Amino acid sequence: MTEPVLRIRGLRKSFGPTEIMRGVDLDLVNAERHALIGPNGAGKSTLFHLLSGHLAPSAGEIVFDGRSIGGRTPQAINRLGLARSFQITNVFPKLSVFENIRLAVMRVHGLQYSFWKFIDNDRVIRRETERLLELVRLTARAATLAGEMAYSEQRSLEIAMTLASDPRLILLDEPMAGMATEETHYTAQLIREVTKGRTLMIVEHDMDVVFSLSDRISVLVYGQVIATGTPDEIRNDARVKEAYLGEEAHA
Amino acid sequence: MTMKTTLSIVAAGVALLLAAPVLLSQGLLNAAVQMLIAALFASAYNVLCGQAGMLSFGHAAYFGVGAFATVHAMNAVGGAGLLPTPLLPLVGAGLGLVFGGVAGWFATKRTGTYFAMITLAIAELVHSLAPHLKGLFGGEAGVSSMRMPAWGFDFGSTTQVYYLVLGWTLLCVGLLYLYTRTPLGRLTCGLRENSQRLRFLGYDVHGLGVAVFAISAMFSGVAGALQVLSNESANYVVFDPALSASVILNCFIGGVSVFLGPALGAALMTFFGYAMSDLTRSWLLYQGILFVLVMLFMPAGLAGLPGTLGRLRRRFGLARLLPLVLLSVGAASLLSLGGTFAVELLQRVFSQDYRAAVQMNPGVAWPDVTLLSRAWSPGSPATWAVPAALFAVGLALVWFARRLHRALEEGESAPPSVASASASATVVNVPVTRSLA
C-alpha cells in the first residue's frame, strides 16, 4: 500500500472524565471513498471535529499529507487541503446561492482582505463559481437565497462549497440525513461524480448508500475502530454484526 | 427597485443636498450639518452592526477619538493646523482606524453578547478616563480651535462648512457603498450569516472581524472630525454613552438591512431632535417610543417600508391596497396624536412650573395648563376625553385595517395563480429532519 493520505494513531478525546475517543487507529489511502459507520454516540462526529480542527485531541496523532494536524485551527487545516461539510446544514442562509459558493471560491484565490477591487469584475472567481454551480446542478438557483432552497439542494450547495478549496481530502458528515429516497440516490450519484480523484471520508446512516458508495468501510464503536475492510468483509464480519448491524436489524 | 430608479433617486437626493444652502435658513442649515454628520456616523456604524452583525455598544469612543485627534491637529503647529482645513478629517480617520484596530482586536475575540460587553467596557473606559486627562481632553471646558482659511475658502460661513461636511459625507458614504462590492465587503456579510462556516472555508475570522471593526471605526472617526470642524471645539461629552445608544437607535429605526437605511434614520431622528427640542421636553421619550414601535411592527425599519409596500402592491394591486394604506396612515396619525397629547398634558401637570402655579393659586385645585395655545383643565374629564377619543378612533381604524388585510389575504389565497407570489413574500423555513438508520 502507498503512503496513506491520512494516518490516525492512538487518537483520544475526553470531555472531563468522559472518554469519547478511546484510541482510534485508521488509515485513508489516496482517492478512496471511505465510509465511517457506527451506532449513535460512537464518536463519528467527534472524529470529524478532531480531524477538521473544531476540537483538539487529548492524545494521539493525526497526520495528513505528511504533516501533523492534531490541534491546529480549522482555517489552517482547510488550507492544507482538508475540507468538510456539516451534519446540520451549514451555509449562509440569507445570501444567494451564487454568493455562498463565491465566498468559498474567494478564499482559494487569497481574497480575504481585498478592499481595492470589485468582486463582480473578477472573471476568474466568477468562472470558477459558475463551474461549481454547474457541477452540483444549481445553476438555475444561482439567485435564490440559500436558506429558501429545499433541503437536498442546500446539501448540494454544501458539497459545492466543500469542493471550492480543491481539497485532497473531503469529510462529509451525513450528507443524506433527512432526505427522501430519490434525493438520496441523486446525492449519492453527485458525490460519486464530484469526488472523483479525491479522498473521501463519509459518515452516513443509510446502509444502502454506505455499501454502494464506499471502497472501504470502518466501524466505530464506543470510540474505537473495531473493523476496517471492503463492504463485503464488513458485511460478513462477526464482530460488526454483533456490535452494529445486529442492533440495526432489531431496531 | 431597478438599478436605474435607485440611481435617479440617489442623484435627485444629491442634487437636493447641493441646493440646500439656497433653500434653507441658517438655522436649518446648521441642523442639516448635524444631520449629515449623524448620517455618516450611522453608515459607519452599520458596517459593523448591519453588515457584519456585530452589535457594538460603544461606538461613541471612535467618534470621540476622531473628534479629539482632529481638534489637536487643528491646534498643531502653533494653531496653523497639521493639514489644510479640508483635509483635517484624514486625521480623524487615521486615529479612528488605529484605535479601532486595537479595540477591535480585543472585542472581536468574542462574539454576540460578550462582544457587545467588551465594546461597552472599552467605551466606558475612555468615557471615565477622559475627564481626568485634562491635557488631552481639556477637562470641563474641552478643547477649542479655529478653522483656518485654506484653498481660497475662509470657512467662516455656515454655507462653506456645510459644503465641507457634505463633501466628506458623500465621499465616505460612497466609499462605504463601494466597500460592499469588494471581496472584504462580501465577507463582512458572511461574518454576519455564519462565521463558523467561514472558518471552515479557511478564512481567518478574527482577522476579518478586526478589519471590519477598524474600517467602521475609521469612518466613525471621520464623522467625529466633521463635528469638530463644525463646532470648532471638542468636549469629553462626546464619549457619553448616549451617543453610542443613539447611533444604535438611528440605525435600527432607519433599517440596518438597507444600505442607506441607517443614514436616513439618523438624518430623520437628528432633524426631529432639532425641531422637537424647541417644542417639547419629552423628545427622548418619543424617541424611545418610536424605537420600540419600529422594532415591534417594522423590524426592517423605515427603509423596509417601500419594499413592503411594493410587495403588497404587486400582490393586491394599487386599487385594493389604497384603502388599507389610508386606514393605516389614519390610524397611525390618530394614535400618535392621542399619544403626544396625553404625554404633553402629563408632562405639564408633573412639571415644576405646574407645582409653582398650584402654590400661587391656592384657591384652585387644578389650575389650567396651556397646550396648543389653549387652556385645558387637568381636573376636567373633558380634557382627558380628547386623547381618549383620539385613541379610541385610532384603535377602531387599526381594527378595520386588520380586517381589511385579512380579507385581502383570504381573497388572494383562493386562486392558484398567486402561489409563486406568496412564496416569494414569505421566507420558507426548511425543517431539518433527520432520519436515523
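Visitor: Among contacts in chain A between residues at least 6 apart in sequence, what percentage join residues at least 24 apart?
Guide: That comes to 66%. Keep in mind that this is a predicted model.

Visitor: OK, and how many helices and strands are there in chain A?
Guide: Chain A has 9 helices and 10 strands. Its radius of gyration is 19 Å, close to the 18 Å from the globule rule for 251 residues, so chain A is as compact as a globular protein of that length.

Visitor: What box do the C-alpha atoms of chain A fill?
Guide: Roughly 60 × 40 × 35 Å, along the principal axes. As for burial, 47% of the 251 residues in chain A are buried.

Visitor: Switching to the contact: how many residues does it take from each of chain A and chain B?
Guide: Chain A puts in 39 residues and chain B 30 residues.

Visitor: Which element gives the largest share on the chain A side?
Guide: Helix 3 of chain A, with 5 residues. Helix 2 (74-80) and helix 5 (151-163) of chain A are also among the elements giving two or more residues to that side.

Visitor: And what's that side made of, by class?
Guide: The side of chain A that touches chain B has 19 nonpolar, 10 polar and 10 charged residues.

Visitor: New topic, B:Gln227. Buried or exposed?
Guide: B:Gln227 counts as buried because 26 other C-beta atoms lie within 10 Å, and the cut-off is 20 or more. B:Gln227 sits in helix 9 (residues 205-231) of chain B.

Visitor: Which residues does B:Gln227 touch, leaving out those up to four places away in sequence?
Guide: B:Ile37 and B:Ala67. Also, B:Val165 is 62 residues from B:Gln227 in sequence, with 8.6 Å between their C-alpha atoms.

Conventions: Residues numbered from 1 in each chain as written. Chains lettered and ligands numbered in written order. Predicted model: local features only at pLDDT ≥ 70, side-chain atom pairs only at ≥ 80, totals over all residues. Helix = DSSP H or I, 4+ residues; strand = E, 2+ residues; numbered from the N terminus. Buried ≥ 20, exposed ≤ 12 C-beta atoms within 10 Å, placed from the backbone. Contact = placed C-beta atoms within 7 Å. Rg over C-alpha atoms; globule rule 2.2 N^0.38 Å. Nonpolar A, V, L, I, M, F, W, Y, C, P; charged D, E, K, R; others polar.
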